[in-house]
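Here are a few exercises to try with the model open in your viewer. Have a go at each task before you read the solution under it.

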Amino acid sequence: MHKYLGKTSKISRHGARARKDAETAARRGMRYAAVRAALYALAGLGAGLLNGLLGAAGGILLVTVLPVLPRLFAEDAAPQDRRDVLATSMAVMLPVSVVSLILYFLRGLQPPTELLSAIWLPSLIGGLIGAWLLDRLPVRTVKILFALLVLVSGVRMVFG
């Protein structure tokens, strides 16, 4: 109350309104953060599920979903460049792949040793070359290569 007029001053009414608006925005921000976290968690859960079930498809899911989710939330912090998306997917899928591999071994599913020894070193070299190329190729080229890989893999799985 204003001491001379006997009623609430304009300043205190605006202050109360600003506090109420700030509280509403804070609640909206918490809901927004919860929905955002839930969607990213679902993407991670799906990626882990696919990787454990199919051996590698979790990365494909992440590469597909990671560019879409930030657009839903107008985020600047999420990976925008396709190369950042690929790097994020690999960083997530490496530990998931290790856990899946351990569980496969515990269940008695072991790949032939001679096959592993023939593939490991060339795969590591290919990974180094691919990571080097990723920074040098245009983003569109990387997108086309990834799409072709998914398309050819899908056709082979269905018809091969």
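Before we start, a word on terms: a helix here is a DSSP run of H or I with at least four residues, and helices are numbered from the N terminus. Keep in mind that this is a predicted model.

**Exercise 1. Work out the overall fold pattern and how much of the chain is buried.**

Start with the element count: there are six helices and zero strands. Going along the sequence, that reads α-α-α-α-α-α. Next, take burial, with the cut-off at under 20% relative accessible area. By that standard, 17% of the 160 residues are buried. The accessible surface adds up to about 12,200 Å², and carbon and sulfur atoms hold 70% of that. Finally, look at contacts between residues at least 6 apart in sequence: 57% of them link residues at least 24 apart.

**Exercise 2. Check the length of α4, then find where it kinks and what follows it.**

Helix α4 covers residues 82–106, which is 25 residues. From first C-alpha to last it reaches 36 Å, close to the 36 Å expected at 1.5 Å a residue. Now walk along the helix: at Met93 there's a kink of about 30°, and the proline Pro95 comes shortly after. Past the end of α4 you meet Gly108, which has a positive phi, near 90°.

**Exercise 3. Do the same for α5.**

α5 has 22 residues, so at 1.5 Å a residue the span should be 32 Å. Its end C-alpha atoms lie 30 Å apart, which agrees. As for the bend, look at Ile119: α5 turns there by about 25°, with the proline Pro122 following within four residues.

**Exercise 4. Decide whether Ser100 and Asn51 are buried or exposed, and trace the contacts around them.**

First place the residues: Ser100 sits in helix α4, while Asn51 belongs to helix α1. Ser100 has a relative accessible area of 10%, so it counts as buried. Asn51 comes out at 3%, so that residue is buried too. In α4, the buried residues also include Arg82, Val85, Leu86, Ser89 and Met93.

Now the contacts, skipping neighbours up to four places away in sequence. Ser100 touches Asn51 and Gly52. From the other side, Asn51 is in contact with Ser100, and its partners also include Met93, Val96, Ser97 and Tyr104. Ala56, Ala57 and Gly58 are on the Asn51 list as well. Notice that Met93, the kink site in α4, is among those partners.

**Exercise 5. Find what Phe146 packs against.**

Begin with its place, which is helix α6. The relative accessible area of Phe146 is 18%, so this residue is buried. Beyond four places in sequence, Phe146 touches Ile60 and Val63. Then check the separation: Val63 is 83 residues away along the chain, yet the two C-alpha atoms are 9.3 Å apart.

**Exercise 6. Describe the largest pocket and what lines it.**

Take the volume to begin with: the largest pocket holds about 1,800 Å³ of space. Its lining has 41 residues, and the ones closest to the centre are Gly55, Ala56, Met90, Ser97 and Leu149. Then group the lining by element: α1 (10–54), α2 (57–65), α4, α5 (113–134) and α6 (139–159) each give two or more residues. Which helix gives the most to this lining? That's α5, with 12 residues.

Methods: Residues are numbered from 1 along each chain as its sequence is written. This is a predicted model: local features need pLDDT of at least 70, side-chain atom pairs count only at pLDDT 80 or more; totals for chains, interfaces and linings use all residues. Side-chain values use heavy atoms; hydrogens and water are left out. Buried means under 20% relative accessible area, exposed over 50%, partly exposed in between (1.4 Å probe, protein chains only). Contact means heavy atoms within 4.5 Å. Accessible areas come from the Shrake-Rupley method with a 1.4 Å probe; for residues, only the protein chains shown count as cover. The expected span of a helix is 1.5 Å times one less than its number of residues. The bend at a residue is the angle between axes fitted to the seven residues ending there and the seven starting there. On a 1 Å grid over the protein atoms alone, a cavity is a set of points where a 1.4 Å probe fits but cannot get out, and a pocket is an open set with protein on both sides within 12 Å along at least five of seven lines; lining residues have an atom within 4 Å of a point. Grid points are joined across faces, edges and corners, and a volume is the space filled by probe spheres set on the points.
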